[in-house]
Amino acid sequence: MGVHGVKAVFFDLDNTLVDTAAAGRRAIEEVLPLASRPLQVINALQSKHHYGEGEARLICDKVQAKLLKECHDPAKMCITDLRISHWEEAIQETTGGEANRHLAAECYFLWKTTRLQHLTLADDTRDMLTELRKGLRLLLLTNGDKQTQREKIEACACQPYFDAIVVGGEQKEEKPAPSIFHYCCDLLGVQPEECVMVGDSLDTDIQGGLNAGLKATVWLNKAMTTPVDISPVPHYIISSVLDLPEVLQKMEHKINSKLGTDHTAGSNE
């Protein structure tokens with residue numbers, strides 16, 4: 001599928017191509033020490049460390065909240081240490097006892113391993129990418145810690161569907177800085193005005209695409225409850241990444257209509 005004037009599409013990874021949030025929630029659930037799952041962290045939190053089910057559940061809830069509020073500066077702390085600290089703090093806040101770094105690390109690595117197991121690129125998404133790549137160049141552009149993002153990319157096995165993969169943590173600047181978008185353009189040998197950005201974040205994906213002067217931005221808003229004063233304003237809004245081909249068809253129609261109008265105007269002069 002090709003579109004006049006569009007040569008490349010940039011895709012965000014987390015919660016756009018793969019449902020990272022859901023994988024994280026499922027990992028937390030599997031870490032929870034439920035009576036029906038007497039394995040792994042249940043042994044750590046209940047058997048080995050003598051925590052009750054209520055305490056263990058509260059610890060996991062606190063970790064989930066910390067992940068949602070997380071602000072990571074790789075210059076100050078590696079992502080592994082930060083996330084072990086989330087577990088360590090949650091355990092201490094819940095039990096009121098001394099910090100237990102060993103247990104925190106045990107819980108973190110179980111959560112991390114479980115989350116990666118749940119990160120998958122759905123078959124219908126794979127099919128869509130395969131079809132799009134017949135006429136367009138595709139690039140994966142993701143913010144985040146380089147090790148964490150590379151592990152996710154490996155886990156969901158998405159490499160074969162892209163002409164290039166760019167991780168923000170490996171660059172001088174991340175989205176929404178124009179520099180990383182222009183770097184992506186250079187990688188593919190295209191101009192910003194020939195590219196479309198697709199992502200779920202208004203602040204990074206959409207604002208970044210606008211900052212870089214891309215041809216169009218497509219906001220993935222799964223809730224489809226759009227605020228009245230949405231800012232920044234994307235060119236298109238979709239509720240599923242699978243709706244992207246339809247958006248590209250609309251763009252094609254608009255371009256063809258404009259070309260037809262311009263041709264008619266030229267004929268009348």
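The paragraphs below lead through one helix and its surroundings, then two histidines, a loop glutamate and the cysteines of this predicted model.

A convenient place to begin is helix H9, which spans residues 202-211 and in which Leu202, Thr204, Asp205, Ile206, Gly208 and Gly209 are buried. These buried residues pack against three elements, namely helix H8 (178-188), strand E4 (195-199) and strand E5 (216-220). An α-helix has 3.6 residues a turn, so residues three or four places apart point the same way. With that in mind, the reader may wish to follow Leu202, Asp205 and Gly209, which are among the buried residues of H9. At the N-terminal end of H9, serine 201 serves as a cap, with a side-chain oxygen placed 3.4 Å from the backbone nitrogen of aspartate 203. After H9 comes glycine 213, which has a positive phi, near 75 degrees.

Strand E5, one of the elements against which the buried residues of H9 pack, also helps to locate histidine 235, which sits in the loop between E5 and strand E6 (236-238). Histidine 235 is partly exposed because its relative accessible area is 42%, a value that falls between the limits of 20% for buried and 50% for exposed. Apart from residues up to four places away in sequence, histidine 235 touches Leu210, Lys215, Ala216 and Thr217. For threonine 217 the model shows a backbone nitrogen 2.9 Å from a polar atom of the histidine 235 side chain, while lysine 215, 20 residues away along the chain, has its C-alpha atom 9.1 Å from that of histidine 235.

Histidine 118 belongs to helix H5 (residues 101-118), and it counts as buried because its relative accessibility is 18%, where the cut-off is under 20%. Once its neighbours within four places in sequence are set aside, histidine 118 is in contact with Ala23, Arg26, Ala27 and Glu30.

In the loop between helix H4 (79-95) and H5 lies glutamate 98, which is exposed, its relative accessible area being 72%. Glutamate 98 is 10 residues from glutamate 88 in sequence, and their C-alpha atoms are 9.5 Å apart in space.

The cysteines remain to be considered. A disulfide is a covalent bond between the sulfur atoms of two cysteines, and a search of the whole structure finds zero of them. Cysteine 156 is accordingly in no disulfide, the nearest cysteine sulfur being that of cysteine 158 at 3.7 Å, whereas the cut-off applied to a sulfur pair is within 2.5 Å. Cysteine 156 counts as buried because its relative accessibility is 2%, while cysteine 78, at 38%, counts as partly exposed.

Methods. Residues are numbered from 1 along each chain as its sequence is written. This is a predicted model: local features need pLDDT of at least 70, side-chain atom pairs count only at pLDDT 80 or more; totals for chains, interfaces and linings use all residues. Side-chain values use heavy atoms; hydrogens and water are left out. Buried means under 20% relative accessible area, exposed over 50%, partly exposed in between (1.4 Å probe, protein chains only). Helices (H or I, at least four residues) and strands (E, at least two) are DSSP runs, numbered from the N terminus. Contact means heavy atoms within 4.5 Å. A polar contact is a pair of N or O atoms within 3.5 Å; within protein, one must be able to donate a hydrogen and the other to accept it, and residues adjacent in sequence count only if both atoms are side-chain atoms.
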